[in-house]
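Me: I would like to learn how to read a protein model step by step. Could we start with what is inside and what is outside, and then go on to the bound molecules?

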Amino acid sequence: MPRLQEVGRADGVEAVLAALAVDGAVIVRDFLDPEVHRRFRADMEAHASGHRSGSVADNAMVQKFWGQRTTRFTRLAHRSAAFVGILTDPYYLSVVDEVLLPHASDYWMNTGQMMIIGPGEAAQWIHRDAENWPALCRPDGFEVTLSCMFAISDFTAEVGATRVVPGSHLWDDYRRKAEPSEICQAVMPAGSGMIYTGRVLHSGGANTTADEFRYGLHLSYVLGWLTPEEAGPLGADWNDVRHLSERAQRLLGWRCSGSDDRYAARLWTVDYEDVPIGLSLD
Ligand SMILES: O=C(O)CCC(=O)C(=O)O
Ligand SMILES: [Fe+2]
């Protein structure tokens with residue numbers, strides 16, 4: 001059974017990048033600031049009670065991927081002030097810079113999604129998150145998205161810790177299925193996070209407990225020239241973001257791309273101006 005490497009924040013960004021290069025995934029202990037974690041968890045527990053489990057989509061594949069006993073919701077910048085502290089964590093963003101900026105002038109949030117796996121949920125099918133952009137999810141391609149699964153509650157094997165196939169981002173055949181012996185689980189205490197690339201195989205684990213819920217926060221970024229999974233600015237309105245830094249606003253889709261002198265191109269404009277200017281917002 002393989003095992004994921006574990007680092008601490010104090011080991012620095014280089015340690016994360018070294019493990020990602022080999023395994024495509026790495027556990028960071030003590031990732032979340034304890035106070036931010038406490039506030040975010042309280043916000044999410046309060047919101048979770050108002051959400052059903054499973055999807056109402058008229059699509060069996062979507063329902064299966066979602067999980068019948070899994071509660072998912074986004075709009076986290078609207079729902080939790082603490083979330084923005086996680087979204088703009090300089091340590092996480094330094095890792096994202098290294099992985100994504102070789103391929104774009106900037107990146108934005110792909111999604112911030114709560115994934116709460118309830119008792120009796122089956123394991124999700126194993127996939128690569130870059131399959132969202134199928135033409136780019138290929139052995140001879142490059143990373144277009146980077147994710148972290150934060151353990152908001154303890155991730156044990158029984159409660160459905162994420163399953164990962166270390167090294168599968170390097171496979172030369174992306175049609176190949178993982179053998180059971182190649183799969184491990186990201187078992188980690190609350191406050192940790194598992195950073196993983198868009199091209200590593202993984203899935204939600206089965207929750208075999210009778211009464212425990214697994215609170216996971218998936219937070220991912222995608223190249224600025226690709227469509228994110230979450231319609232960020234439709235879920236967090238100007239009043240949610242007006243007081244935030246320009247960086248946070250860009251990550252949430254409230255600013256255009258093109259912050260880099262290397263490129264004249266600007267995407268995601270209003271009247272060909274930056275979003276707040278085009279909309280006369282202050
Ligand atoms: O819940 C998890 O641990 C992972 C879920 C996942 O990979 C996904 O929904 O894309
Ligand atoms: Fe995934």
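Reply: We can begin with burial: a residue is called buried when its relative accessible area is under 20%, and exposed when that area is over 50%. Please keep in mind that this is a predicted model.

Me: With that cut-off in hand, is Thr162 buried or exposed?

Reply: Thr162 has a relative accessibility of 3%, and because this is under 20%, Thr162 counts as buried. Thr162 sits in the loop between S5 and strand S6 (163-164), and, leaving out residues up to four places away in sequence, Thr162 touches Met149, Phe155, Cys184, Gln185, Ala186, Met194, His202, Ser203, Gly205 and Arg214.

Me: Which residues come nearest to ligand 1?

Reply: There are 13 residues around ligand 1, and of these Arg72, His127, Thr162, His202 and Arg214 come nearest. To read the polar side of such a site, one looks for pairs of N or O atoms within 3.5 Å. Here a polar side-chain atom of Arg214 is 2.7 Å from an oxygen atom of ligand 1, a polar side-chain atom of His202 is 2.9 Å from an oxygen atom of ligand 1, and for Gln124 the distance from a side-chain N or O atom to an oxygen atom of the ligand is 3.1 Å. On its own, ligand 1 has 300 Å² of accessible area, and the protein covers 96% of it.

Me: Which protein donors does the iron ion (ligand 2) have?

Reply: The protein donors are His127 (NE2), Asp129 (OD) and His202 (NE2), which lie 2.1 Å from the iron ion. Their spacing in sequence is written H-x1-D-x72-H. Asp129 belongs to the loop between strand S4 (107-117) and strand S5 (145-151), while His202 belongs to strand S9 (residues 202-203), so this pair ties together parts that are 73 residues apart in sequence. Asp129 and His202 are both buried.

Me: Now I would like to understand the nonpolar interior. Which residues touch the most other members of the largest nonpolar core?

Reply: A nonpolar core is built from buried residues of nonpolar kinds, such as Leu and Phe, joined through side-chain atoms within 4.5 Å. The largest one here has 64 residues, and Phe40, Tyr92, Phe150, Ile195, Leu217, Leu219 and Tyr221 touch the most other members. Helix H6 (residues 90-100) gives the largest share of this core, namely seven residues. Apart from this core lies another, of 15 residues, including Ile27, Met115, Phe155 and Ala161.

Me: Which residues of H6 are buried, and what is found at the start of H6?

Reply: In H6 the buried residues are Tyr91, Tyr92, Leu93, Val95, Val96, Val99 and Leu100. At the start of H6, a side-chain oxygen of Asp89 comes to within 2.9 Å of the backbone nitrogen of Tyr91.

Me: Where does Leu87 lie, and what does Leu87 touch?

Reply: Leu87 is part of helix H5 (residues 81-87) and is buried, with a relative accessible area of 0%. Not counting residues up to four places away in sequence, Leu87 touches Leu93, Met109, Leu219, Tyr221, Ala248, Leu251 and Leu252.

Me: My last case is a charged residue. Is Asp274 buried or exposed?

Reply: Asp274 has a relative accessible area of 12% and is therefore buried. Asp274 is located in the loop between helix H9 (246-251) and helix H10 (275-278), and a polar contact of 3.0 Å joins the side chains of Asp274 and Arg255.

Methods: Residues are numbered from 1 along each chain as its sequence is written. Chains are lettered from A and ligands numbered from 1 in the order in which they are written. This is a predicted model: local features need pLDDT of at least 70, side-chain atom pairs count only at pLDDT 80 or more; totals for chains, interfaces and linings use all residues. Side-chain values use heavy atoms; hydrogens and water are left out. Buried means under 20% relative accessible area, exposed over 50%, partly exposed in between (1.4 Å probe, protein chains only). Helices (H or I, at least four residues) and strands (E, at least two) are DSSP runs, numbered from the N terminus. A residue is near a molecule or strand if one of its heavy atoms lies within 4 Å of it. A polar contact is a pair of N or O atoms within 3.5 Å; within protein, one must be able to donate a hydrogen and the other to accept it, and residues adjacent in sequence count only if both atoms are side-chain atoms. Accessible areas come from the Shrake-Rupley method with a 1.4 Å probe; for residues, only the protein chains shown count as cover. Donors are N, O and S atoms within 2.8 Å of the metal (3.2 Å for Na, K and Ca); water is not among the atoms, so sites may look incomplete. Contact means heavy atoms within 4.5 Å.
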